[in-house]
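Q: I would like a close look at one part of this model, taken slowly and with the terms spelled out.
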Amino acid sequence: MLQKDGFFRKRDESLFRPSPPITPAPAPAPSTAPASPQIDAKLDARKEAKLVVGPDIKMKGAEITDCDTLVVEGRMEATLDSRVLEIAEHGVFQGTIAVDHAEIRGRFEGEITVRKQLIIHGTGKVSGKIRYAKIKIEEGAEISGDLAVMDKSATSLAATTKRVANA
C-alpha cells in the first residue's frame with residue numbers, strides 16, 4: 001500500500017505547528033573570585049579515574065591502564081597498572097598487578113607488586129609472586145607463594161625472599 005508521495009502517508013500538516021523559537025539565556029559573567037578549597041577538592045575528586053567491577057560481572061583478558069582506583073567485587077582476569085586496588089570480600093582477581101596501594105578482602109592469584117602498602121584483611125587470600133614495600137596481614141588472612149620486600153631506595157627487590165603459607 002504505497003502512496004504516491006512515498007512509503008508513508010502524507011501527514012495532515014494542520015496538526016503539526018512549528019514551535020516558537022527558543023531564545024538562549026544570556027551566559028553568566030565569568031567570576032574573577034578565586035575558587036574555594038572545597039570546590040577545588042570536589043573537582044579533583046571528579047577527575048579520579050575509578051573502575052568498579054560489580055558483584056555479578058566477569059571480565060577476562062583485559063589490560064587496564066590510566067585507572068586510578070580499581071574496585072573488584074566480581075571476577076577479573078587482567079593486567080593492571082594503577083594507583084589503588086581494592087578487592088572486595090567476594091571479589092577475585094587473577095593476573096598481573098603493579099599498584100601503589102592494595103587492599104585485599106577477597107582473593108588474588110598471580111603476580112602482584114605493591115610499591116607502597118599491601119593490606120590483606122582477615123577474609124583475604126593471596127597466592128603467587130608477591131612484592132611489596134610494606135605489608136599488613138590481619139589474623140585469618142591466607143598468603144602463599146614467593147614473597148619479597150622491595151628495596152626502599154629504588155623499587156628493586158631485596159635479597160630476602162620467603163615462602164609463607166597461612167599467616
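In which sense do strand β5 and strand β6 pair, and over how many bridges?

A: Strand β5 (residues 107-120) pairs with strand β6 (residues 125-137) in the parallel sense, over 12 bridges. This is a predicted model, in which local features need pLDDT of at least 70 and side-chain atom pairs count only at pLDDT 80 or more, whereas totals for chains, interfaces and linings use all residues. Residues are numbered from 1 along each chain as its sequence is written, and side-chain values use heavy atoms, with hydrogens and water left out. Strands are DSSP runs of E with at least two residues, numbered from the N terminus, and two of them pair if DSSP finds at least two bridges between them.

Within this pairing, I112 has I130 of β6 as its bridge partner. On to strand β7 (residues 142-150), β6 pairs with it in the parallel sense over eight bridges, and there R131 is bridged to A148 of β7. Both I130 and R131 are among the residues in contact (heavy atoms within 4.5 Å) with I112, as are I97 and L118, when neighbours within four places in sequence are left aside.

I112 is also one of the residues with the most contacts inside the largest nonpolar core, which has 27 residues; such a core is a set of buried Ala, Val, Leu, Ile, Met, Phe, Trp, Tyr and Cys residues joined through side-chain atoms within 4.5 Å. Buried means under 20% relative accessible area, exposed over 50%, and partly exposed in between (1.4 Å probe, protein chains only). The strands β2 (58-72), β3 (75-87), β4 (92-104), β5, β6 and β7 each supply at least two residues of this core.

Note on methods:
Helices (H or I, at least four residues) and strands (E, at least two) are DSSP runs, numbered from the N terminus.
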